[in-house]
Amino acid sequence: MKDKKFISYLFEVAWILPSVAIPVSMMVAILVTAFAVGVRVPTSAGRVSISAVVAGTDSTFSQTGLREIAPGRYEAIMLAQTFMFVPNTIEIPAGSKVTFVLTSKDVIHGFKIEGVPVNVMVIPGQVSRVTATFDKPGEYLIVCHEYCGAGHHVMFGKVIVN
Amino acid sequence: MASIAARARPLAISADLSVERKLAGINIFIALAALAVGGLMGVLQILRYNGLDLYTPAKPLLPGGYYQGLTVHGVLNVLVFTTFYIIGFLTYIFAKALNRPLASSRLAWATLWVMVSGLLLAAIPLLTNNATVMFTFYPPLKADSLFYIGLTMVVAGTWLLLVNMILTRNAWLADNPGQRTPLPAFMAIVTMLMWTIATIGVASEMIFLVIPWSLGLVGGTDPVLARTLFWFTGHPIVYFWLLPAYISWYTLVPAQAGGKLFSDPMARVSFILFLILSIPIGMHHQVTDPGISEMWKLVHAVFTFGVFFPSLLTFFNVVASLEYAGRRNGGEGWLAWIFNLPWGKPEISAQLVAMMLFAFGGISGLVNASYNVNLVVHNTSWISGHFHLTVGTAVALSFMGITYWLVPHLTGRALWSRSLGVAQAWLWFVGMGLFSHFMHELGLRGMPRRSDIGGAPYVQDEWRFFLFFAMIGGLIMFVSAIFYYLNMIMTLTRGKKLAEVPDITFARALSGPEDAPKVLDRLLVWVAVAAVLILINYLPTIIDIISTATFDIPGRRVW
Ligand code: HEM
Ligand SMILES: [Cu+2]
Ligand SMILES: [Cu+2]
């Protein structure tokens, strides 16, 4: 009887050790990619007044479009609204590093660019700020990937890399 | 031998559980009706993905087309079906395990009536295209206020069951001093405790933000605060769905398979860990949100890996129990014992199939939870692929499997066809395997979820192949669902009257409750631990959002 208890105890330990080891090692892998390799997620980038954005008087969002802020370094100011991105096409040379700065004029939208790690929600009253480097020439699809109403599925854009 | 042993034991007198039986029956009936309508919407979706538009002919019933259908699919499948089923199942299992009716039968009926009234109120705007806001209803999408009020009532109704359970357990403890709460009752009450704490989030969202705003009492709202409160509930809700399935896997399936539960203490530990770890991790759904700091997202990601631990404990404990059953039935070898499980029983097949697909769901869930890897999959069809394995299979198929024995038990009618039940389970396996595999693939290729793909201008050519096979999978699931409902309807109307209604047998444990530390049963201690972790992980972010919020975002009806 005692023996049987001991064996079943050993069994439990044999299960528990890998149950701890697996999540811990995955955790370490994530910390390494986040901080050593530098694949970061969106973070707070401040608030913005929705009425100013809608009225076109906000200092950042009254002038949408692409700006070169340093050689090969761009900033794209964009608005998401039902059911389009303004502007909806961004054209840049290969190798450019672009910071996208967005907000929404109405409901929540999504902003995902295929092929680069850009994936951020666009929320009215909030600024979304994400950066990516476009090395390969080609067309990168931008889709709105949060339900934003009856025309959600026609809301998309492009990054054209020459 | 067995019968002599049974007679030698003093016969326990069965308590009169007629109220609990009725409540289980009514709740599960409502749940299954909701799933039928919700599931049908899924078929419309998968056909529309491939250009077959049934929304035009369905216009009189479904004026809002794809997006109304998708809202109905989400709300009915994961809010209504799950909640009503769980309340019905836990009410009965809890009373049965304690062999004692709920402390207040009036409170038990009130639970049902509050929930049903809420459901009816919410259904009006949902079905008239006045709440096409998805089951997540993110403001500033603005539905008719009845939708929010109704859903809040459904949640508030569930709290009454917890109150009843606490009263009942206290009375039981007074009658059985020094005894351990029987495992199924322990698990049921822990589930409801976790759920009640978790729903503080969505209830505050509704009561303080959304309902006053939808009634026009305040002009604006704050979407980030609303999302944060929503996901405070929205992550643990998945454990609210899963834990009842685990209760079946831990305490019923081993007995139905001819074996025992491997370890009762390990099962208790895992439920306590779910109680304390399910909630302080909700922001892993907001990895891509602006307005929340990267640091807190990372903390939630770390804790998310913590909750992986009780999941693995569950996996190992359940598999060890099944192995024991397989060997008792004459099975041998490393894995060959699997064939000695009673696959001919539909309740067993369905739940084993659910477990197998759940393993894949767990793996894709780990990807979702992996902080920056989430950027690849967030809001793509990968996520749809993932949760159809978890809630759509581990939960939904287990719940169907449970009805294969529970409906005969409650109604005294034999299941109409056992082999149809087994076929149903395997069809779900094949259909869901295909569907979810191709949805995962589509997600990796950038297909967004919640989008009327059939009408989208950006569909990529390479998606079409995957969309087609996802449809094949979806249609096989549809056939499986038809088999299921046919079996249930025939059982209710034509099922043979049983001379003797089989009783429920809970699994006995190889390592029993006497080996479990006593402190595990001190639920208040664990609630306090949970509260501390929740405060640490949520308070700074919530204070930060509230202190910077302007509550000036107007509502929109964009459908
Ligand atoms: C015949 C079976 C089913 C089919 C063919 C099906 C199909 C689909 C499809 C294609 C989507 C994605 C729609 C989109 O993102 O645009 C979806 C979403 C969803 N499904 Fe299913 N489904 C089925 C059964 C289920 C079941 C049993 C559940 C859960 C119990 C479920 C829960 C969900 C949820 C929660 C969503 C997400 C809704 C949203 O994004 O708001 N489905 N389903
Ligand atoms: Cu959209
Ligand atoms: Cu989650």
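Two strands are taken to pair if DSSP finds at least two bridges between them. On this basis the predicted model contains, in chain A, an open sheet of five strands in the order β4-β10-β9-β6-β7, with mixed pairing. The edges of the sheet are formed by β4 (89-92) and β7 of chain A; each has a single partner strand, so one side of each lacks a neighbour in the sheet. Averaged over neighbouring strands and with direction ignored, the turn of one strand against the next is 15°.

Within this sheet, β6(A) runs antiparallel to β9(A), and two bridges join them. The residue A:K112 has A:V143 of β9(A) as its bridge partner. β6(A) is also joined to β7(A), by five bridges, and this pair is likewise antiparallel. Here A:H109 stands opposite A:V122 of β7(A). The hairpin of β6(A) and β7(A) has four residues between the strands, and A:G115 in this hairpin takes a positive phi near 95°.

The edge strand β7(A) is largely enclosed by the rest of the structure, because five of its five residues are buried. In a regular strand, side chains alternate between the two faces of the sheet. In β7(A), A:V118, A:V120 and A:V122 point one way, whereas A:N119 and A:M121 point the other way, and all are buried.

The contact between the two chains takes 51 residues from chain A and 54 residues from chain B. On the side of chain A that touches chain B, two or more residues are given by each of α1 (2-37), α2 (50-55), β6 (109-113), β7 (118-122) and β9 (138-143) of chain A. The largest share of this side, 12 residues, is contributed by α1(A). Its composition by class is 28 nonpolar, 16 polar and seven charged residues.

In chain B, α3(B) packs against helix α5 (residues 145-175) at an angle of about 10°, and the axes are 11 Å apart. Angles under 35 degrees count as roughly parallel, so α3(B) is roughly parallel to α5(B). The residues of α3(B) that meet α5(B) are B:L79, B:T83, B:I87, B:L90, B:T91, B:F94 and B:L98. On the side of α5(B), the contact is made by B:L151, B:V154, B:T158, B:L161, B:M165, B:T168 and B:W172. By class, the contact of these two helices has 10 nonpolar, four polar and no charged residues.

The α3 helix of chain B also takes part in the surroundings of ligand 1. At least two residues of the shell around ligand 1 are supplied by each of α2 (18-49), α3 (65-98), α14 (381-411) and α16 (461-494) of chain B. Of the 26 residues around ligand 1, those that come nearest are B:G42, B:G74, B:N77, B:R449 and B:G474. The shell divides into 13 nonpolar, 11 polar and two charged residues.

A further position in chain B is B:V430, which lies in helix α15 (residues 418-444). A residue is buried if 20 or more other C-beta atoms lie within 10 Å of its own, and exposed if 12 or fewer do. B:V430 has 16 other C-beta atoms within 10 Å and is therefore partly exposed. The C-alpha atoms of B:V430 and B:I489 are 24 Å apart in space, and the two residues are 59 residues apart in sequence.

Note on methods:
Residues numbered from 1 in each chain as written. Chains lettered and ligands numbered in written order. Predicted model: local features only at pLDDT ≥ 70, side-chain atom pairs only at ≥ 80, totals over all residues. Near = placed C-beta within 6 Å. Nonpolar A, V, L, I, M, F, W, Y, C, P; charged D, E, K, R; others polar. Contact = placed C-beta atoms within 7 Å. Axes fitted to C-alpha atoms, helices over the stretch in contact; angles between N-to-C directions. Parallel < 35°, antiparallel > 145°, perpendicular 65-115°, else oblique.
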